[in-house]
Amino acid sequence: RCNSGPSVFLDKVCIHQADEDLMREGIRKLGAFLRVSDHMLVLYTPVYLKRLWTIYEVASFLVLHSMEKLELVPIMLPRSFLFILVGHFFFQLSNLGVRICGLPEVTMVAMNCCGAA
């Protein structure tokens with residue numbers, strides 16, 4: 001191999017999404033990339049398995065590799081984490097503003113599912 005570092009294949013970017021002929025050509029060559037892949041990460045949405053070529057992509061990977069090499073991540077999980085992270089950032093930013101003004105800090109309280117602190 002010419003490149004010894006890790007490589008990434010993003011099907012949404014590497015397979016043309018509008019031109020049918022270019023899309024077919026990209027899908028036809030998908031197996032070659034999957035053969036040399038060590039791992040497959042699927043950012044799963046409800047529409048992922050509605051396209052025939054994405055089913056082909058997963059099936060081809062599983063023919064060549066064990067199930068342990070396939071990781072499915074529901075797209076709502078990363079989005080939820082991002083919202084929590086952004087919310088925490090703004091909370092900390094507001095506490096910084098409070099400290100600069102000399103006002104008492106607000107304490108963030110974690111709640112469990114029953115509402116108790």
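A residue is called buried when its relative accessible area is under 20%, exposed when that area is over 50%, and partly exposed in between. Keep these cut-offs at hand, and remember throughout that the model on your screen is predicted.

**The whole chain**

Begin with the protein chain shown as a cartoon, where you can find five helices and two strands. If you follow the chain along its sequence, the elements come in the pattern α-α-α-β-α-β-α. The chain has 117 residues, and 21% of them are buried. Its exposed surface comes to about 9300 Å², of which carbon and sulfur atoms supply 68%. Among the contacts between residues at least 6 apart in sequence, 51% join residues at least 24 apart.

**First stop: Val 86 and its patch**

Select Val 86, which you will find in helix H5, the helix that covers residues 76-101. Is Val 86 buried, partly exposed or exposed? Its relative accessibility is 36%, so Val 86 counts as partly exposed, because that value falls between the cut-offs of 20% and 50%. Now add Phe 81, Leu 82, Leu 85, Phe 89 and Phe 90 to the selection, and you have, together with Val 86, a nonpolar patch on the surface with about 620 Å² of accessible area.

**Second stop: the largest nonpolar core**

From a patch on the surface, turn to the inside of the model. In soluble globular proteins, nonpolar side chains tend to be buried together. Here the largest nonpolar core has twelve residues, and to display it you should select Ile 15, Met 23, Ile 27, Leu 30, Leu 34, Met 40, Val 42, Tyr 48, Trp 53, Val 58, Phe 61 and Leu 70. Helix H2 (20-28), H3, S1 and H4 each supply at least two residues of this core, and the largest share, three residues, comes from H4. Within the core, pick out Tyr 48 and look at what surrounds it: leaving aside residues up to four places away in sequence, Tyr 48 touches Met 40, Val 42, Thr 54, Glu 57 and Val 58.

**Third stop: Ser 37 and His 65**

Next select Ser 37, which lies in the loop between helix H3 (30-36) and strand S1 (40-44). With a relative accessibility of 9%, Ser 37 counts as buried. A polar atom of the Ser 37 side chain lies 2.8 Å from the backbone oxygen of Phe 33. Not counting residues up to four places away in sequence, Ser 37 touches Phe 61 and His 65.

Follow the second of these contacts to His 65, in the loop between helix H4 (52-64) and strand S2 (70-74). Which backbone oxygen lies 3.0 Å from a polar atom of the side chain of His 65? That oxygen belongs to Ser 37, and if you leave aside neighbours within four places in sequence, His 65 is in contact with Leu 34, Arg 35 and Ser 37. His 65 counts as buried, since its relative accessibility is 19% and the cut-off is under 20%.

Before leaving this region, add Ser 7, which sits in the segment before helix H1 (11-14). Ser 7 and Ser 37 are 30 residues apart in sequence, while their C-alpha atoms are 8.8 Å apart in space. At 46% relative accessibility, Ser 7 counts as partly exposed.

**Last stop: charged side chains**

Side chains of opposite charge can pair when their charged atoms come close. How many salt bridges does a search of the whole structure find? The search finds two. For one of them, select Arg 24 and Asp 21, whose closest N and O atoms are 2.9 Å apart. Arg 24 and Asp 21 are three residues apart in helix H2, which means that about one helical turn separates them. Arg 24 is partly exposed, with a relative accessible area of 45%, whereas Asp 21 is exposed, at 52%.

For another salt bridge, select Lys 29 and Glu 25, whose side chains meet at 3.5 Å, N to O. Lys 29 is exposed, with a relative accessible area of 54%, and Glu 25 counts as partly exposed at 37%.

Finally, return to Asp 21 and add Asp 19, which is found in the loop between H1 and H2. A polar atom of the Asp 19 side chain lies 2.9 Å from the backbone nitrogen of Asp 21, and Asp 19 counts as partly exposed, at 32% relative accessibility.

Conventions:
Residues numbered from 1 in each chain as written. Predicted model: local features only at pLDDT ≥ 70, side-chain atom pairs only at ≥ 80, totals over all residues. Heavy atoms only, no water. Helix = DSSP H or I, 4+ residues; strand = E, 2+ residues; numbered from the N terminus. Buried < 20%, exposed > 50% of the residue type's maximum accessible area, 1.4 Å probe, protein only. Polar contact = N/O pair within 3.5 Å; in protein donor to acceptor, adjacent residues only side chain to side chain. Contact = heavy atoms within 4.5 Å. Patch = residues over 30% accessible without salt bridge, like charges linked within 9 Å, V, L, I, M, F, W, Y side chains within 5 Å. Areas by Shrake-Rupley, 256 points an atom, 1.4 Å probe, with all protein chains shown as cover. Salt bridge = Lys/Arg side-chain N within 4 Å of Asp/Glu carboxyl O. Core = buried A, V, L, I, M, F, W, Y, C linked by side-chain atoms within 4.5 Å.
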